[in-house]
Amino acid sequence: MSDCIFCKIASREMPSTIVDESEKLITIKDINPQAPTHLLIIPKEHFPTILECTDKTLLGDMLTTANRLAEEQGFAQKGFRTVINTNEEGGQIVRHLHMPLLAGRPLSGKMG
Ligand code: AMP
Ligand code: ZN
């Protein structure tokens, strides 16, 4: 997808602050953080939403990555939130599957 910002971030065409990378995923800092930690776990392959995601192991990989980053960054025990916003009423703005990972303050209300 040539006009997709997360595809461009994954291919390094667009700059971002990368905090983790694996074969299928890249994790970056959100440009407009809603919590002290606000990361975006993004598949390198373009799926517009979770509904089109045909790689089911990818979804497990995303959650496993969130768990690992929570442990590595030291907020696992205090707590964190993972969400996947889907389509308009789900609050999805960027049409490339991604999982926000938020931590560092009590989280109620804004869902990512
Ligand atoms: P969503 O509402 O789930 O589609 O969330 C999209 C998120 O992507 C928002 O929290 C934005 O702040 C974030 N975002 C948009 N563009 C960028 C970018 N270039 N680098 C990092 N985060 C971005
Ligand atoms: Zn994309």
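Visitor: How do the residues of the shell around ligand 1 divide into nonpolar, polar and charged?

Guide: Happy to start there! The model is a predicted one, and in it the shell around ligand 1 holds 8 nonpolar, 5 polar and 2 charged residues. In total 15 residues surround the ligand, and the closest are Asp 30, Gly 91, Ile 93, Val 94 and His 98.

Visitor: What makes Gly count as polar in that division?

Guide: That is a matter of convention: Gly is placed among the polar residues, while Ile and Val count as nonpolar and Asp as charged.

Visitor: What makes the approach of Ile 93 to ligand 1 a polar contact?

Guide: A backbone N or O atom of Ile 93 lies 2.6 Å from an oxygen atom of ligand 1. The cut-off for a pair of N or O atoms is 3.5 Å, so this pair qualifies. Val 94 offers a polar backbone atom 2.8 Å from an oxygen atom of the ligand, and Ile 31 has a backbone N or O atom 3.1 Å from a nitrogen atom of ligand 1. The protein buries 86% of the 500 Å² that ligand 1 exposes when taken alone.

Visitor: Which element gives the most to the shell around ligand 1?

Guide: That is α1, with 3 residues. The elements giving two or more residues are α1 and β2 (25-29).

Visitor: Why is the site of the zinc ion (ligand 2) called tetrahedral?

Guide: The angles among its 4 donor atoms run from 103 to 117°. Four donors count as tetrahedral if all angles lie between 85 and 135 degrees, so the name fits. The donors are Cys 4 (SG), Cys 7 (SG), His 46 (ND1) and His 96 (ND1), at 2.0 to 2.3 Å. Cys 4 sits in the segment before α1 (5-10) and His 46 in the loop between β3 (37-43) and α2 (56-72), so this pair, 42 residues apart, links distant parts of the chain. Along the sequence the donor residues follow the spacing C-x2-C-x38-H-x49-H.

Visitor: How do you know whether Cys 4 is buried or exposed?

Guide: Its relative accessible area is 7%. Buried means under 20%, so Cys 4 is called buried.

Visitor: And what makes Thr 65 buried?

Guide: The reasoning runs along similar lines: Thr 65 has a relative accessible area of 6%, under the 20% cut-off, and is therefore buried. Thr 65 is found in helix α2.

Visitor: What does the side chain of Thr 65 reach?

Guide: The backbone oxygen of Asp 61, at 2.8 Å. With the cut-off at 3.5 Å, the distance therefore fits a polar contact.

Methods: Residues numbered from 1 in each chain as written. Chains lettered and ligands numbered in written order. Predicted model: local features only at pLDDT ≥ 70, side-chain atom pairs only at ≥ 80, totals over all residues. Heavy atoms only, no water. Donors = N, O, S within 2.8 Å, 3.2 Å for Na, K, Ca; no water. Tetrahedral: all angles 85-135°; square planar, octahedral: opposite > 155°, others 65-115°. Helix = DSSP H or I, 4+ residues; strand = E, 2+ residues; numbered from the N terminus. Buried < 20%, exposed > 50% of the residue type's maximum accessible area, 1.4 Å probe, protein only. Near = heavy atom within 4 Å. Polar contact = N/O pair within 3.5 Å; in protein donor to acceptor, adjacent residues only side chain to side chain. Areas by Shrake-Rupley, 256 points an atom, 1.4 Å probe, with all protein chains shown as cover.
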